[in-house]
Amino acid sequence: MNRKALLPIVAAFATIYLVWGTTYLGLAVLLRTLPPFASGAIRFALAAVIMYGLLRLRSARPLAQVPWKHAIVAGILLSGFGNGFVIWGQQTVPSGIAALLVAALPLWILLFDTVAFARRKPGLKDLVGSVIGLAGVLLIVSQTRSFDGSGGVLPTLSILFATFAWSIGTLVQRSAVKAGQVGAFACAQMLSGALCQALCALVLGEWPQVQWADFTPTALWTLAYMAIFGSVIAFSAYLWLVTKVPTPAVATYSLVNPVVAMALGAWILGERIDASAIAASVLVLAGVALVLWPARAIPAPIADADLQPQRCG
(Lines give C-alpha, C1' and ligand atoms only; values in the text may rest on other atoms or scores of the structure.)
Protein backbone atom coordinates (compact mmCIF):
# COMPACT_ATOMS: atom_id res chain seq x y z
CA MET A 1 0.00 0.00 0.00
CA ASN A 2 1.48 3.35 -1.04
CA ARG A 3 1.79 6.35 1.25
CA LYS A 4 -1.08 8.23 -0.39
CA ALA A 5 -3.49 5.36 0.22
CA LEU A 6 -2.17 4.74 3.73
CA LEU A 7 -2.58 8.31 4.99
CA PRO A 8 -6.42 8.32 5.15
CA ILE A 9 -6.37 4.99 7.00
CA VAL A 10 -3.90 6.31 9.55
CA ALA A 11 -6.00 9.46 9.98
CA ALA A 12 -9.18 7.41 10.49
CA PHE A 13 -7.48 5.20 13.09
CA ALA A 14 -6.15 8.28 14.88
CA THR A 15 -9.69 9.69 14.93
CA ILE A 16 -11.37 6.70 16.58
CA TYR A 17 -8.39 6.10 18.91
CA LEU A 18 -8.21 9.65 20.22
CA VAL A 19 -11.72 11.07 19.82
CA TRP A 20 -13.53 8.09 21.32
CA GLY A 21 -10.94 8.03 24.10
CA THR A 22 -11.77 11.65 24.96
CA THR A 23 -15.54 11.13 25.11
CA TYR A 24 -15.28 9.74 28.66
CA LEU A 25 -13.69 13.00 29.73
CA GLY A 26 -16.50 14.82 27.91
CA LEU A 27 -19.11 12.85 29.85
CA ALA A 28 -17.41 13.71 33.13
CA VAL A 29 -17.43 17.41 32.19
CA LEU A 30 -21.13 17.37 31.25
CA LEU A 31 -22.04 15.73 34.55
CA ARG A 32 -20.75 18.78 36.39
CA THR A 33 -23.76 20.82 35.27
CA LEU A 34 -26.28 18.51 33.56
CA PRO A 35 -28.09 15.35 34.74
CA PRO A 36 -26.86 12.14 33.06
CA PHE A 37 -29.81 10.99 30.94
CA ALA A 38 -30.88 14.53 30.05
CA SER A 39 -27.40 15.35 28.77
CA GLY A 40 -27.34 12.12 26.75
CA ALA A 41 -30.74 12.86 25.22
CA ILE A 42 -29.63 16.35 24.17
CA ARG A 43 -26.33 15.08 22.77
CA PHE A 44 -27.86 12.32 20.62
CA ALA A 45 -30.74 14.48 19.44
CA LEU A 46 -28.19 17.04 18.25
CA ALA A 47 -26.10 14.32 16.58
CA ALA A 48 -29.18 12.89 14.84
CA VAL A 49 -30.15 16.32 13.50
CA ILE A 50 -26.63 16.90 12.16
CA MET A 51 -26.51 13.44 10.58
CA TYR A 52 -29.93 13.95 9.00
CA GLY A 53 -28.81 17.27 7.55
CA LEU A 54 -25.78 15.61 5.96
CA LEU A 55 -27.91 12.79 4.57
CA ARG A 56 -30.37 15.30 3.10
CA LEU A 57 -27.58 16.72 0.96
CA ARG A 58 -27.56 13.40 -0.92
CA SER A 59 -31.22 12.33 -0.81
CA ALA A 60 -34.61 13.98 -0.43
CA ARG A 61 -35.88 11.08 1.72
CA PRO A 62 -32.80 9.65 3.43
CA LEU A 63 -34.71 7.61 6.03
CA ALA A 64 -37.28 6.11 3.66
CA GLN A 65 -35.70 2.65 3.48
CA VAL A 66 -34.64 2.37 7.13
CA PRO A 67 -35.88 -0.83 8.87
CA TRP A 68 -37.40 1.14 11.72
CA LYS A 69 -38.21 -1.84 13.95
CA HIS A 70 -34.57 -2.89 14.09
CA ALA A 71 -33.36 0.73 14.26
CA ILE A 72 -35.57 1.44 17.27
CA VAL A 73 -34.46 -1.70 19.11
CA ALA A 74 -30.79 -1.04 18.31
CA GLY A 75 -31.17 2.61 19.28
CA ILE A 76 -32.67 1.74 22.66
CA LEU A 77 -29.94 -0.82 23.38
CA LEU A 78 -26.99 1.17 22.00
CA SER A 79 -27.46 4.95 22.19
CA GLY A 80 -30.18 4.62 24.85
CA PHE A 81 -29.25 2.09 27.53
CA GLY A 82 -25.71 1.51 26.27
CA ASN A 83 -24.68 5.14 26.49
CA GLY A 84 -27.15 6.33 29.13
CA PHE A 85 -26.17 3.92 31.88
CA VAL A 86 -22.49 4.63 31.29
CA ILE A 87 -23.20 8.31 31.90
CA TRP A 88 -25.28 7.48 34.97
CA GLY A 89 -22.48 5.32 36.37
CA GLN A 90 -19.88 7.99 35.73
CA GLN A 91 -21.50 10.15 38.38
CA THR A 92 -19.19 8.35 40.81
CA VAL A 93 -17.06 5.96 38.73
CA PRO A 94 -13.89 7.67 37.37
CA SER A 95 -13.84 8.14 33.60
CA GLY A 96 -10.79 5.90 33.17
CA ILE A 97 -12.40 3.01 35.06
CA ALA A 98 -15.61 3.46 33.07
CA ALA A 99 -13.63 3.24 29.83
CA LEU A 100 -11.89 0.13 31.11
CA LEU A 101 -15.20 -1.58 31.85
CA VAL A 102 -16.45 -0.67 28.38
CA ALA A 103 -13.23 -2.07 26.89
CA ALA A 104 -14.52 -5.54 27.77
CA LEU A 105 -17.26 -5.18 25.10
CA PRO A 106 -15.67 -7.63 22.64
CA LEU A 107 -15.79 -10.28 25.38
CA TRP A 108 -19.52 -9.80 25.92
CA ILE A 109 -20.17 -9.69 22.17
CA LEU A 110 -18.36 -13.00 21.84
CA LEU A 111 -20.38 -14.45 24.75
CA PHE A 112 -23.81 -13.34 23.53
CA ASP A 113 -22.98 -14.26 19.93
CA THR A 114 -21.94 -17.74 21.06
CA VAL A 115 -24.93 -18.32 23.34
CA ALA A 116 -27.86 -16.64 21.58
CA PHE A 117 -27.02 -15.57 18.02
CA ALA A 118 -24.49 -17.52 15.94
CA ARG A 119 -24.27 -20.28 18.56
CA ARG A 120 -20.69 -21.09 17.59
CA LYS A 121 -18.24 -22.67 19.99
CA PRO A 122 -15.41 -20.22 20.79
CA GLY A 123 -11.83 -21.32 20.25
CA LEU A 124 -9.35 -21.96 23.04
CA LYS A 125 -7.73 -18.53 22.56
CA ASP A 126 -11.14 -16.83 22.85
CA LEU A 127 -11.93 -18.76 26.02
CA VAL A 128 -8.59 -17.92 27.63
CA GLY A 129 -8.94 -14.27 26.67
CA SER A 130 -12.48 -14.13 28.04
CA VAL A 131 -11.43 -15.65 31.37
CA ILE A 132 -8.53 -13.20 31.73
CA GLY A 133 -10.69 -10.21 30.79
CA LEU A 134 -13.49 -11.32 33.12
CA ALA A 135 -10.96 -11.53 35.96
CA GLY A 136 -10.11 -7.88 35.32
CA VAL A 137 -13.77 -6.87 35.36
CA LEU A 138 -14.34 -8.74 38.63
CA LEU A 139 -11.32 -6.97 40.13
CA ILE A 140 -12.84 -3.61 39.18
CA VAL A 141 -16.19 -4.53 40.75
CA SER A 142 -14.52 -5.80 43.93
CA GLN A 143 -12.49 -2.60 44.27
CA THR A 144 -15.33 -0.15 43.62
CA ARG A 145 -14.90 1.52 47.03
CA SER A 146 -11.24 2.32 46.40
CA PHE A 147 -11.85 3.51 42.85
CA ASP A 148 -14.71 5.96 43.37
CA GLY A 149 -14.81 6.46 47.13
CA SER A 150 -18.60 6.04 47.26
CA GLY A 151 -18.63 2.51 48.58
CA GLY A 152 -21.54 1.69 46.28
CA VAL A 153 -21.39 -1.02 43.65
CA LEU A 154 -24.55 0.11 41.77
CA PRO A 155 -22.81 2.69 39.52
CA THR A 156 -20.26 0.07 38.44
CA LEU A 157 -23.02 -2.45 37.78
CA SER A 158 -24.88 0.15 35.73
CA ILE A 159 -21.87 0.43 33.42
CA LEU A 160 -21.73 -3.37 33.15
CA PHE A 161 -25.45 -3.36 32.27
CA ALA A 162 -24.69 -0.75 29.61
CA THR A 163 -22.03 -2.99 28.06
CA PHE A 164 -24.46 -5.92 27.99
CA ALA A 165 -27.09 -3.77 26.26
CA TRP A 166 -24.52 -2.45 23.79
CA SER A 167 -23.30 -5.97 22.98
CA ILE A 168 -26.80 -7.28 22.29
CA GLY A 169 -27.66 -4.16 20.28
CA THR A 170 -24.56 -4.67 18.16
CA LEU A 171 -25.63 -8.21 17.33
CA VAL A 172 -29.23 -7.15 16.66
CA GLN A 173 -28.22 -4.47 14.17
CA ARG A 174 -25.62 -6.66 12.46
CA SER A 175 -28.25 -8.39 10.32
CA ALA A 176 -30.43 -5.29 9.92
CA VAL A 177 -28.05 -2.83 8.27
CA LYS A 178 -27.78 -3.13 4.49
CA ALA A 179 -25.06 -1.74 2.26
CA GLY A 180 -25.66 1.92 1.50
CA GLN A 181 -28.00 2.39 4.49
CA VAL A 182 -25.45 2.65 7.29
CA GLY A 183 -25.66 6.43 7.67
CA ALA A 184 -29.47 6.47 7.57
CA PHE A 185 -29.67 3.58 10.04
CA ALA A 186 -27.26 5.36 12.37
CA CYS A 187 -29.35 8.54 12.21
CA ALA A 188 -32.53 6.62 13.08
CA GLN A 189 -30.69 4.74 15.81
CA MET A 190 -29.36 7.92 17.42
CA LEU A 191 -32.83 9.49 17.29
CA SER A 192 -34.31 6.41 19.01
CA GLY A 193 -31.53 6.52 21.60
CA ALA A 194 -32.19 10.20 22.27
CA LEU A 195 -35.90 9.50 22.85
CA CYS A 196 -35.02 6.57 25.13
CA GLN A 197 -32.70 8.70 27.26
CA ALA A 198 -35.26 11.51 27.32
CA LEU A 199 -37.82 9.06 28.72
CA CYS A 200 -35.33 7.79 31.32
CA ALA A 201 -34.65 11.40 32.32
CA LEU A 202 -38.40 11.97 32.66
CA VAL A 203 -38.87 8.87 34.86
CA LEU A 204 -35.97 9.90 37.11
CA GLY A 205 -37.20 13.50 37.37
CA GLU A 206 -34.15 15.00 35.67
CA TRP A 207 -35.84 17.49 33.36
CA PRO A 208 -37.03 19.86 36.13
CA GLN A 209 -33.38 19.98 37.27
CA VAL A 210 -32.21 21.31 33.89
CA GLN A 211 -31.89 25.09 33.96
CA TRP A 212 -30.67 27.55 31.31
CA ALA A 213 -27.82 28.41 33.65
CA ASP A 214 -26.58 24.82 33.35
CA PHE A 215 -25.67 25.42 29.71
CA THR A 216 -22.40 27.12 30.47
CA PRO A 217 -19.96 27.81 27.62
CA THR A 218 -18.01 24.72 28.72
CA ALA A 219 -21.14 22.55 28.68
CA LEU A 220 -22.20 23.87 25.25
CA TRP A 221 -18.77 23.32 23.72
CA THR A 222 -18.64 19.83 25.23
CA LEU A 223 -22.09 18.94 23.89
CA ALA A 224 -21.09 20.17 20.43
CA TYR A 225 -17.81 18.22 20.58
CA MET A 226 -19.54 15.02 21.70
CA ALA A 227 -22.23 15.28 19.02
CA ILE A 228 -20.02 16.38 16.09
CA PHE A 229 -16.72 14.68 16.82
CA GLY A 230 -17.74 11.84 19.12
CA SER A 231 -20.82 10.77 17.16
CA VAL A 232 -20.80 12.03 13.57
CA ILE A 233 -17.10 12.29 12.62
CA ALA A 234 -15.64 9.39 14.63
CA PHE A 235 -18.56 7.18 13.68
CA SER A 236 -18.07 7.98 9.98
CA ALA A 237 -14.34 7.23 10.31
CA TYR A 238 -15.18 3.91 11.94
CA LEU A 239 -17.65 2.94 9.21
CA TRP A 240 -15.13 3.85 6.51
CA LEU A 241 -12.41 1.83 8.21
CA VAL A 242 -14.46 -1.36 8.38
CA THR A 243 -14.69 -1.25 4.58
CA LYS A 244 -10.91 -0.89 4.19
CA VAL A 245 -9.22 -3.05 6.85
CA PRO A 246 -10.11 -6.25 8.75
CA THR A 247 -12.64 -5.82 11.54
CA PRO A 248 -10.33 -7.14 14.31
CA ALA A 249 -7.83 -4.42 13.42
CA VAL A 250 -10.51 -1.73 13.64
CA ALA A 251 -11.71 -3.16 16.95
CA THR A 252 -8.31 -2.43 18.50
CA TYR A 253 -9.77 0.98 19.42
CA SER A 254 -11.17 -0.84 22.46
CA LEU A 255 -7.57 -1.35 23.63
CA VAL A 256 -6.48 2.25 23.07
CA ASN A 257 -9.54 4.19 24.32
CA PRO A 258 -9.13 3.20 28.01
CA VAL A 259 -5.48 4.26 27.94
CA VAL A 260 -6.44 7.68 26.55
CA ALA A 261 -9.37 8.00 28.98
CA MET A 262 -7.31 7.07 32.05
CA ALA A 263 -4.48 9.41 31.06
CA LEU A 264 -6.85 12.36 30.50
CA GLY A 265 -8.79 11.58 33.68
CA ALA A 266 -5.60 11.60 35.75
CA TRP A 267 -4.17 14.70 34.04
CA ILE A 268 -7.23 16.95 33.76
CA LEU A 269 -9.65 15.65 36.40
CA GLY A 270 -7.09 14.46 38.92
CA GLU A 271 -8.49 10.92 38.98
CA ARG A 272 -6.39 8.47 40.98
CA ILE A 273 -4.80 5.46 39.27
CA ASP A 274 -3.71 2.98 41.94
CA ALA A 275 -2.18 -0.49 41.77
CA SER A 276 -5.60 -2.20 41.61
CA ALA A 277 -6.62 -0.07 38.61
CA ILE A 278 -3.36 -0.88 36.83
CA ALA A 279 -3.75 -4.61 37.53
CA ALA A 280 -7.34 -4.56 36.29
CA SER A 281 -6.23 -2.66 33.18
CA VAL A 282 -3.62 -5.27 32.38
CA LEU A 283 -6.10 -8.15 32.78
CA VAL A 284 -8.94 -6.57 30.79
CA LEU A 285 -6.78 -5.31 27.94
CA ALA A 286 -4.78 -8.55 27.74
CA GLY A 287 -8.00 -10.56 27.59
CA VAL A 288 -9.52 -8.34 24.91
CA ALA A 289 -6.27 -8.44 22.93
CA LEU A 290 -6.36 -12.25 22.92
CA VAL A 291 -9.95 -12.26 21.67
CA LEU A 292 -9.48 -9.55 19.06
CA TRP A 293 -6.10 -9.84 17.44
CA PRO A 294 -5.17 -12.02 15.70
CA ALA A 295 -8.58 -13.61 15.69
CA ARG A 296 -11.60 -14.35 13.60
CA ALA A 297 -13.65 -11.24 12.88
CA ILE A 298 -15.86 -10.26 15.79
CA PRO A 299 -18.52 -7.69 15.01
CA ALA A 300 -17.53 -4.37 16.56
CA PRO A 301 -20.16 -1.86 17.66
CA ILE A 302 -21.57 0.22 14.80
CA ALA A 303 -22.15 3.34 16.81
CA ASP A 304 -20.60 6.08 18.91
CA ALA A 305 -17.71 4.96 21.05
CA ASP A 306 -18.72 6.17 24.40
CA LEU A 307 -19.70 2.85 25.32
CA GLN A 308 -17.71 3.36 23.78
CA PRO A 309 -15.20 0.44 23.41
CA GLN A 310 -18.80 3.36 21.87
CA ARG A 311 -18.94 3.28 22.17
CA CYS A 312 -20.95 2.94 25.41
CA GLY A 313 -19.62 6.05 26.96
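**Exercise 1. Thr222 and its surroundings**

Work out which residues Thr222 touches once residues up to four places away in sequence are set aside.

*Solution.* Start with the contacts: Thr222 touches Gly26, Val29 and Leu30, not counting residues up to four places away in sequence. Contact here means heavy atoms within 4.5 Å. Next, place the residue: Thr222 belongs to helix H10, residues 217-242. Helices (H or I, at least four residues) and strands (E, at least two) are DSSP runs, numbered from the N terminus. Finally, check burial: the relative accessible area of Thr222 is 11%, so Thr222 is buried. The cut-offs are under 20% relative accessible area for buried, over 50% for exposed, and partly exposed in between (1.4 Å probe, protein chains only).

Before going on, keep in mind that this is a predicted model, where local features need pLDDT of at least 70, side-chain atom pairs count only at pLDDT 80 or more, and totals for chains, interfaces and linings use all residues. Residues are numbered from 1 along each chain as its sequence is written, and side-chain values use heavy atoms, with hydrogens and water left out.

**Exercise 2. The chain as a whole**

Find how many helices and strands the protein chain has, and where the strand falls in the order of elements.

*Solution.* Count first: there are 13 helices and one strand in the protein chain. Then read the order from the N terminus, which goes α-α-α-α-α-α-α-α-α-α-α-α-α-β, with the strand at the end. As for burial, 54% of the 313 residues in the protein chain are buried.

**Exercise 3. H4 against H12**

Decide how helix H4 runs relative to helix H12: parallel or antiparallel?

*Solution.* Take the axes of H4 (residues 95-102) and H12 (residues 253-268): they come within 7 Å and cross at roughly 170°. Axes are lines fitted to C-alpha atoms, for helices over the stretch in contact, and angles run from 0 to 180 degrees between N-to-C directions. That crossing makes H4 roughly antiparallel to H12. The rule is that angles under 35 degrees count as roughly parallel, over 145 as roughly antiparallel, 65 to 115 as roughly perpendicular and the rest as oblique.

Now list who makes the contact. H4 supplies Ser95, Gly96, Ile97, Ala99 and Leu100, while H12 brings in Pro258, Ala261, Met262 and Gly265. Sorted by class, that gives six nonpolar, three polar and no charged residues. For the sorting, Ala, Val, Leu, Ile, Met, Phe, Trp, Tyr, Cys and Pro count as nonpolar, Asp, Glu, Lys and Arg as charged, and the others, Gly among them, as polar.

**Exercise 4. Two aromatic pairs**

Classify the pair Phe13 and Tyr17, then do the same for Phe81 and Phe85.

*Solution.* The structure holds nine aromatic pairs; we'll take two. Rings of Phe, Tyr and Trp (its six-membered ring) pair if their centres lie within 6.5 Å; planes under 30 degrees apart count as stacked, over 60 as edge-to-face and the rest as tilted.

- Phe13 and Tyr17 are 5.6 Å apart centre to centre with 55° between the planes, a tilted pair. Both sit in helix H1 (residues 3-30), four residues apart, about one turn of the helix. Phe13 is buried at 15% relative accessibility, whereas Tyr17 is partly exposed at 22%.
- Phe81 and Phe85 have ring centres 5.8 Å apart and planes at 70°, so this pair is edge-to-face. Here too the two are four residues apart, about one turn, in helix H3 (residues 68-89). Phe81 is partly exposed at 25%, and Phe85 is partly exposed at 22%.

To finish, look at the wider grouping: Phe37, Phe81, Phe85 and Phe161 form one aromatic cluster.

**Exercise 5. More of H3**

Say which of these words fits Gly80, buried or exposed, and which residues Trp88 touches beyond four places in sequence.

*Solution.* Gly80 lies in H3 and is buried, at 1% relative accessibility. Outside its neighbours within four places, Gly80 contacts Gly75, Phe85, Gly193, Cys196 and Gln197. Its C-alpha atom is 9.1 Å from that of Phe44, 36 residues apart along the chain.

Trp88 is also found in H3, and is partly exposed at 24%. Trp88 touches Pro36, Phe37, Leu154, Pro155, Ser158 and Leu204, with residues up to four places away not counted.
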